[in-house]
Amino acid sequence: MVRAPKKVIISCALTGSIHTPTMSDALPVTPDEMVEQGLAAAAAGAAILHLHARDPQTGRPTPDAAVYRQFLPRLKQNTDAVLNITTGGSLNMSVEERLSAPLAFQPEMCSLNMGSMNFGIFPLADRYKHWKHDWEEPYLRSTDDFIFRNTFRDIAYILQNLGEGCGTRFEFECYDVGHLYNLAHFLDRGLVKPPLFIQTIFGILGGIGADARNLVFMRDTADHLFGDAYQWSVLAGGRHQMPFVTMAGMMGGNVRVGLEDSLYIGKGKLASSNAEQVSKIRRVLEDLSLDIATPAEARAMLDLKGADRVAF
């Protein structure tokens, strides 16, 4: 069984590639907004900042290392939080594009999706009639015919080039139970090494549903496959975010919040910032008598090498 951590790691995913600028004015788009919200989230208690980049003019997700370069050094200089760069990128990016920034900056942590899947965000398009940018509606609607590609060869390529090649460790994103078995396969091959940081994800159309029994099922499956060789974390999409991460904390897990995963702070109320979500879940966890991990404690729990080794 997973041992309940002495400290709970809070991750904050600042912007992602699911939500679009029309949906919330709080969604960070520009490098300045990424720095401002990242520093505020870290000050509120996030030990890990999960990072995507967006075109500063249009808000469209971008893999451009030049855009990352406008905010990564500023975050590193002003916070000791772990800076975790996506390798998932966004729709229709090739694996090479998704790795362009991680390989350039060689961060201590990156996310890594553990399997191909239907990734349906097209229902979001029906909620809006007016758009800030022309790309947003077709971007969302196209996902009814989209497979988010993460083949075994793709995953091995990332593990070998970024993991072995750069010393980066991973947040293994598992959207369904089969993704846990995929991770076990790579553990058997020796391409990943404990302690594993497993992010189980609920409520994405195409992945496992946001049902409480699935939370227990995914944890029990991870226990079966990995024993005590992993740290368990939970995120959930949209309205499921706060209830699920609260349950995860009660079950001995770590948690992830942020505007990538949900734009809301409560029923029908948009969050004003990423820091507001971090502050809310921190209060909930502390009310449960749980202690929050500092960045240094998170690094020790996850066997990270420290910010001084990164290339930015």
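# Reading strands, pockets and salt bridges

Q: Let's start with the largest pocket. By class, which residues make up its lining?

A: There are 21 nonpolar, 19 polar and eight charged residues in that lining. Keep in mind as we go that this is a predicted model.

Q: How do you find a pocket to begin with, and how much space lies in the largest one?

A: The general idea is that a probe the size of a water molecule, rolled over the atoms, shows where empty space is left. Here, the largest pocket holds about 920 Å³ of space. Its lining counts 48 residues, and His19, Ile204, Gly237, Gly238 and Asp261 are the closest to the centre.

Q: Which elements each supply at least two residues of that lining?

A: Strand E6, helix H9 (241-250) and strand E13 (264-266) each do. We'll come back to E6 in a moment.

Q: What about the second largest pocket: what is its volume?

A: About 230 Å³. It has 16 lining residues, with Thr168, Arg169, Leu191, Val192 and Lys193 nearest the centre. Helix H6 (152-166), E9 and strand E10 (196-202) are the elements that give two or more residues to this lining. By class, you'd list ten nonpolar, three polar and three charged residues.

Q: Now E6. How should I read the two faces of a strand, and which residues of E6 lie on each side?

A: In a regular strand, side chains alternate between the two faces of the sheet. In E6, Met109, Ser111 and Asn113 are on one side, with Cys110 and Leu112 on the other.

Q: Is E6 mostly covered or mostly exposed, and how many of its residues are buried?

A: Mostly covered: E6 spans residues 109-113, and five of its five residues are buried. Both faces are covered, too.

Q: Which strand pairs with E6 over two bridges, and in what sense?

A: That's E5 (residues 82-85), and the pairing is parallel. To find the register, look for Ile85, which stands opposite Cys110 in E6. If you trace E5, then helix H4 (residues 95-105), then E6, you have a right-handed β-α-β unit.

Q: How many bridges join E6 to E9?

A: Five, and the two strands run parallel, with E9 covering residues 169-174. Two opposite pairs are handy markers here: Leu112 faces Phe172 in E9, and Asn113 stands opposite Glu173 in E9.

Q: Which residues of E9 point one way, and which the other?

A: Arg169, Glu171 and Glu173 point one way, while Phe170, Phe172 and Cys174 point the other way. As for burial, six of the six residues in E9 are buried, so to speak a mostly covered strand.

Q: What joins E9 to E10?

A: Four bridges, with the strands parallel. Phe172 turns up again, this time opposite Ile198 in E10. E9 and E10, together with helix H7 (residues 177-188), make a right-handed β-α-β unit.

Q: On to charges. How many salt bridges does the structure hold?

A: The principle is that side chains of opposite charge can pair when their charged atoms come close. The structure holds 13 salt bridges. Let's walk through a few.

Q: Fine. What does Arg74 form with Asp32, and how far apart are the closest N and O atoms?

A: Arg74 and Asp32 form a salt bridge, with the closest N and O atoms 2.8 Å apart. This pair links distant parts of the chain, 42 residues apart: Arg74 sits in helix H3 (residues 72-78) and Asp32 in helix H1 (residues 31-44). Arg74 is partly exposed because its relative accessibility is 31%. Asp32, at 49%, also counts as partly exposed.

Q: And Arg299 with Glu108: are they buried or exposed?

A: Both are buried. Their salt bridge has its closest N and O atoms 2.8 Å apart. Arg299 is in helix H11 (residues 295-302) and Glu108 in the loop between H4 and E6, so the pair ties together parts 191 residues apart in sequence.

Q: Which residue forms a salt bridge with Arg256?

A: Glu171, and the closest N and O atoms are 3.0 Å apart. Arg256 belongs to strand E12 (residues 254-257) and Glu171 to strand E9, 85 residues apart. Both residues are buried. Follow the shared partners and you get one network made of Glu171, Glu173, Arg256, Glu260 and Asp261. You met Asp261 earlier, among the residues closest to the centre of the largest pocket.

Key:
Residues numbered from 1 in each chain as written. Predicted model: local features only at pLDDT ≥ 70, side-chain atom pairs only at ≥ 80, totals over all residues. Heavy atoms only, no water. Buried < 20%, exposed > 50% of the residue type's maximum accessible area, 1.4 Å probe, protein only. Pairing = 2+ DSSP bridges. Right-handed = clockwise from strand over helix to strand, strands pointing away. 1 Å grid on protein atoms, 1.4 Å probe; cavity = no way out; pocket = protein on both sides within 12 Å on 5 of 7 lines; lining within 4 Å. Points joined across faces, edges and corners; volume = space filled by probe spheres on them. Nonpolar A, V, L, I, M, F, W, Y, C, P; charged D, E, K, R; others polar. Salt bridge = Lys/Arg side-chain N within 4 Å of Asp/Glu carboxyl O.
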